[in-house]
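Work through the following exercises with the structure in view, and try each task before you read its solution.

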Amino acid sequence: MSTTHSTRPITRLAWRHAKRRPWQSLFFVVGVAIGVAMIVAIDLANGSAERAFNLGAETVAGRATHQIDKSASLRHVSRAAEDVSQGRRLYAEGLCAAQRRVACERHLHRVEGR
């Protein structure tokens, strides 16, 4: 026995099998080719779908044209809080004025005897 390994016997065995069963060998090669083609097609379709999704998302959302400034947003929040407190103050003043008017009218009714 020799210590060097040769692929010659395996190659001879493969060719002998292919010659004895040509249809089986042909179907084997065609099956492998179809499998590789399917993998390549799925990979291409996946890449195309991803590019289309990214393009659609960019079209819908658009590129950013404004930037949010933290200090500016805090100024808007404090201004809104001031507006709310001023509105409450004006509401309270109006309510007090209405209550005073009603009290005055009641007093006038009592005084005039109406």
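**Exercise 1.** Explain why Trp-23 and Phe-27 are separated by about one helical turn, and then describe how their rings are arranged.

Solution. Begin with the positions in the sequence: in this predicted model, Trp-23 and Phe-27 both belong to helix H2 and are four residues apart, so about one helical turn separates them. Next, look for ring pairs, of which the count comes to one. That aromatic pair is formed by Trp-23 and Phe-27, whose ring centres are 6.2 Å apart and whose planes make an angle of 35°. Since stacked requires under 30 degrees and edge-to-face over 60, the pair counts as tilted. Finally, consider the surroundings: Trp-23 is exposed, and Phe-27 is exposed as well.

**Exercise 2.** Determine which residues form a nonpolar patch on the surface, and decide whether Leu-26 counts as buried, partly exposed or exposed.

Solution. The patch consists of Trp-23, Leu-26, Phe-27, Val-30, Ile-34, Met-38 and Ile-42, which together have about 770 Å² of accessible area. Take Leu-26, which is found in helix H2, a helix that covers residues 22–61. Its relative accessibility is 43%, and because buried means under 20% and exposed over 50%, Leu-26 counts as partly exposed.

**Exercise 3.** Classify Ser-25 by its accessibility, and find which residues it touches beyond those up to four places away in sequence.

Solution. Ser-25 also lies in helix H2. Its relative accessibility is 19%, and therefore Ser-25 counts as buried, the cut-off being under 20%. When residues up to four places away in sequence are left out, Ser-25 touches His-17 and Ala-18.

**Exercise 4.** Compare the reach of helices H1 and H2 with the reach expected at 1.5 Å a residue, and say what follows H2.

Solution. Helix H1, residues 8–20, has 13 residues and reaches 18 Å from its first C-alpha to its last, which is close to the expected 18 Å. Helix H2 has 40 residues and reaches 58 Å between its first and last C-alpha, again close to the expected value, 58 Å. Just after H2 comes Gly-62, which takes a positive phi of about 75°.

**Exercise 5.** Summarise how the protein chain is built and how much of it is buried.

Solution. The protein chain has three helices and zero strands, and its elements run α-α-α from the N terminus on. Helix H1 is hardly covered, with zero buried residues among its 13. For the protein chain of 114 residues, 1% count as buried. The chain exposes about 11100 Å², of which carbon and sulfur atoms supply 63%.

Key. Residues numbered from 1 in each chain as written. Predicted model: local features only at pLDDT ≥ 70, side-chain atom pairs only at ≥ 80, totals over all residues. Heavy atoms only, no water. Patch = residues over 30% accessible without salt bridge, like charges linked within 9 Å, V, L, I, M, F, W, Y side chains within 5 Å. Areas by Shrake-Rupley, 256 points an atom, 1.4 Å probe, with all protein chains shown as cover. Salt bridge = Lys/Arg side-chain N within 4 Å of Asp/Glu carboxyl O. Helix = DSSP H or I, 4+ residues; strand = E, 2+ residues; numbered from the N terminus. Buried < 20%, exposed > 50% of the residue type's maximum accessible area, 1.4 Å probe, protein only. Phe/Tyr/Trp six-rings, centres within 6.5 Å; stacked < 30°, edge-to-face > 60°. Expected span 1.5 Å × (residues − 1). Contact = heavy atoms within 4.5 Å.
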